[in-house]
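Here's a quick walk through this two-chain model, from one buried residue out to the whole assembly. Have the viewer open as you read.

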Amino acid sequence: MTRYPAISCLNRTLVVLMLATGASYAIGELGGEGWAAVGAVLILSFVKSRLVINEFMGLRFVRLRWKLLMLGWLVTVLGLIALAYRVGAA
Amino acid sequence: MNVFPGPPSVKPRGGPPHACVVPPFWAVESRTTFRLRALAIGAHTRTLPCAPLGPLVLDQVRRAACRLSWHRVLAAAAPLKSPVLPDPASAALPDSHDAAAAAPEASHEGDLPGDLAIWIFIFAELLAFGVFFVSYAFTRAKNVALFNEMQLTLDREAGALNTVVLLLASYFVARAVNAIKRDRSQTSARWLAAGIACGAGFLVVKLFEYHAKFSIGINLSTNTFYMFYISLTFFHFMHVILGMVILAAVLLKTRRGGYSAADHHGMDTGASYWHMVDLVWLILFPLVYVMR
C-alpha cells in the first residue's frame with residue numbers, strides 16, 4: 001500500500017499554496033515586470049508545483065527515479081520558460 | 001557463501017525448517033515467476049542469476065517458505081495458479097494473520113500511487129503541455145510588445161479565482177484519498193463530490209471568460225497571443241472535463257463501497273490524473289496571465 005501525507009500536512013500545504021497564489025496574483029496586479037518579477041513568479045510556480053507533486057499527488061513517498069522524472073519535467077519547463085523570457089528581454 | 005540471504009522476518013523461529021513439504025516448482029519454472037514467488041515470501045532475488053537454481057539456493061528458499069506464514073505464499077502464488085502446500089506448523093506464527101495484508105504493502109511501497117498506465121498517460125500529457133508552454137514562451141520572445149499588450153486584456157481575477165478553485169479541488173481529492181485509507185467511504189465520497197463541484201466551478205468561470213472574449217469577436221485567428229491563449233486554455237479545459245468524468249466514476253464506485261483501506265488503487269489512479277490537471281494550471285496561470 002502506498003503511503004500518503006497526513007491531514008495536517010495537507011492542510012498546511014493548502015495554506016501555503018493559497019498564499020503563493022496570492023503572491024503571484026499580487027505581482028501581476030502591482031504591475032510587476034522585468035526579470036525580477038518573472039523570476040519571482042517562476043520560483044513561486046516551482047514551489048507550488050513541488051507541493052502539489054509531493055503532498056497532493058503523494059510522490060514524496062515514491063522511489064527516487066519517479067521523483068527525479070517529475071522534477072526533471074518541472075525544472076526543464078520552467079528553465080526553458082525563464083530562458084525564453086531572458087531572450088525576449090534582451 | 002550465502003547467495004540467498006533472507007530478510008530479518010524470515011529468521012528461524014524454532015522447529016525443524018524442513019517440517020513442511022514445499023513443491024520444487026521453482027526448479028522448473030521461469031525466472032519471472034520464480035522472482036514473484038521469492039518476493040512473496042520476503043526473500044531477496046537480486047543475487048540470483050537465473051532459474052533454475054542450484055541446490056543450495058533451493059534449500060534456502062524452501063526453508064524460508066517453511067518459516068513464513070503459508071497464507072502469504074498462497075496469496076501471492078494464487079494468481080500464478082501453481083500448487084502451494086499448506087504448512088500447518090507455520091500457522092501458529094504471530095504474523096500469520098497479517099501476512100496476506102502485508103504482502104501487497106511490501107510490493108507497492110515506493111511505487112507511484114495508482115495504476116502505472118495512468119502515469120504513462122500523465123507523463124505524456126505533461127510532455128505535451130510542456131511543449132505548449134515552451135512554444136508560448138519562445139513565440140512571446142519574438143513578439144514581446146504584442147503579448148504584453150494582449151495580456152492586459154485578460155481577466156486576471158478570473159484566472160486567480162480559477163487557480164484557487166483548482167487548488168481546493170486538488171485538496172478535496174487528496175482528502176478523499178486520505179479518508180479512504182482510513183476506511184471511511186462516505187466521507188471520501190463527500191470529499192470527492194466537493195472536488196467535482198470545484199471542477200465544475202472552474203468550468204463555469206472559464207466559460208464566462210470565453211464568452212467575454214468571443215462576444216467581442218476574439219477568436220483563434222485574432223493574433224498570435226490569442227491563438228496560444230485559446231488553444232492552451234481550451235486544451236486544459238478539456239482535461240478538466242476528463243478529470244471530472246474520471247472523478248465522477250470514482251465517486252460512484254466509492255458510494256457503492258467499492259473502495260476500502262485495503263483496496264483503493266482505482267481512487268489513487270483517478271486522483272493522480274486530477275492532480276496533474278491542477279499541476280498544469282499552476283504553470284499555465286502565471287505564464288499566460290501574470291508574467292510580463
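## Starting from one buried residue

A residue counts as buried if 20 or more other C-beta atoms lie within 10 Å of its own, with the C-beta atoms placed from the backbone. Keep in mind that this is a predicted model. Now take D268(B), which sits in helix α10 of chain B. Is D268(B) buried or exposed? The count gives 26 C-beta neighbours inside 10 Å, so D268(B) goes down as buried.

D268(B) also gives us a handy jump to another part of chain B. V173(B) is 95 residues away from D268(B) in sequence, yet their C-alpha atoms are 9.6 Å apart in space.

## The core around V173(B)

Which residues does V173(B) touch, once you skip those up to four places away in sequence? The list is W191(B), L192(B), G195(B), L247(B), A271(B) and W274(B).

V173(B) turns up again in the largest nonpolar core, which has 82 residues. The members that touch the most other members are I81(A), V173(B), A176(B), L192(B), L247(B) and L287(B), so named from both chains. Helix α10 of chain B, residues 265–290, puts in the largest share of this core, with 17 residues. As background, nonpolar side chains tend to be buried together in soluble globular proteins.

## Chain A

Chain A has three helices and zero strands, and from the N terminus on its elements simply read α-α-α. Its radius of gyration is 15 Å, well over the 12 Å that the globule rule gives for 90 residues, so chain A is more spread out than a compact globule. Along the principal axes, the C-alpha trace spans about 50 × 30 × 10 Å. Of the 90 residues, 41% count as buried. Looking at contacts in chain A between residues at least 6 apart in sequence, 69% join residues at least 24 apart.

Helix α2 of chain A, residues 34–56, deserves a sanity check. Its 23 residues should span 33 Å at 1.5 Å a residue, and the end C-alpha atoms are 32 Å apart, which agrees. The buried residues of α2(A) include V38(A), V41(A), L42(A), S45(A), K48(A) and E55(A). Among what covers the buried residues of α2(A) are α1 (7–29) and α3 (64–89) of chain A, plus α7 and α10 of chain B. Just after α2(A), G58(A) takes a positive phi of about 80°.

## Chain B

Chain B is helical too: ten helices and zero strands, with the pattern α-α-α-α-α-α-α-α-α-α along the sequence. Buried residues make up 39% of its 292 residues. For contacts in chain B between residues at least 6 apart in sequence, 78% join residues at least 24 apart.

## Where the chains meet

How many residues does each chain bring to the contact? Chain B brings 41 and chain A brings 37. On the side of chain B that touches chain A, α4 (99–108), α5 (116–142), α7 (156–181) and α10 each supply at least two residues. The largest share there comes from α7(B), with twelve residues. By type, this side of chain B divides into 24 nonpolar, eight polar and nine charged residues.

Key. Residues are numbered from 1 along each chain as its sequence is written. Chains are lettered from A and ligands numbered from 1 in the order in which they are written. This is a predicted model: local features need pLDDT of at least 70, side-chain atom pairs count only at pLDDT 80 or more; totals for chains, interfaces and linings use all residues. A nonpolar core is a set of buried Ala, Val, Leu, Ile, Met, Phe, Trp, Tyr and Cys residues joined through C-beta atoms within 7 Å. A residue is buried if 20 or more other C-beta atoms lie within 10 Å of its own, exposed if 12 or fewer, and partly exposed in between; C-beta atoms are placed from the backbone. Helices (H or I, at least four residues) and strands (E, at least two) are DSSP runs, numbered from the N terminus. Two residues are in contact if their C-beta atoms, placed from the backbone, lie within 7 Å. The radius of gyration is taken over C-alpha atoms; the globule rule is 2.2 Å times the number of residues to the power 0.38. Ala, Val, Leu, Ile, Met, Phe, Trp, Tyr, Cys and Pro count as nonpolar, Asp, Glu, Lys and Arg as charged, and the others, Gly among them, as polar. The expected span of a helix is 1.5 Å times one less than its number of residues.
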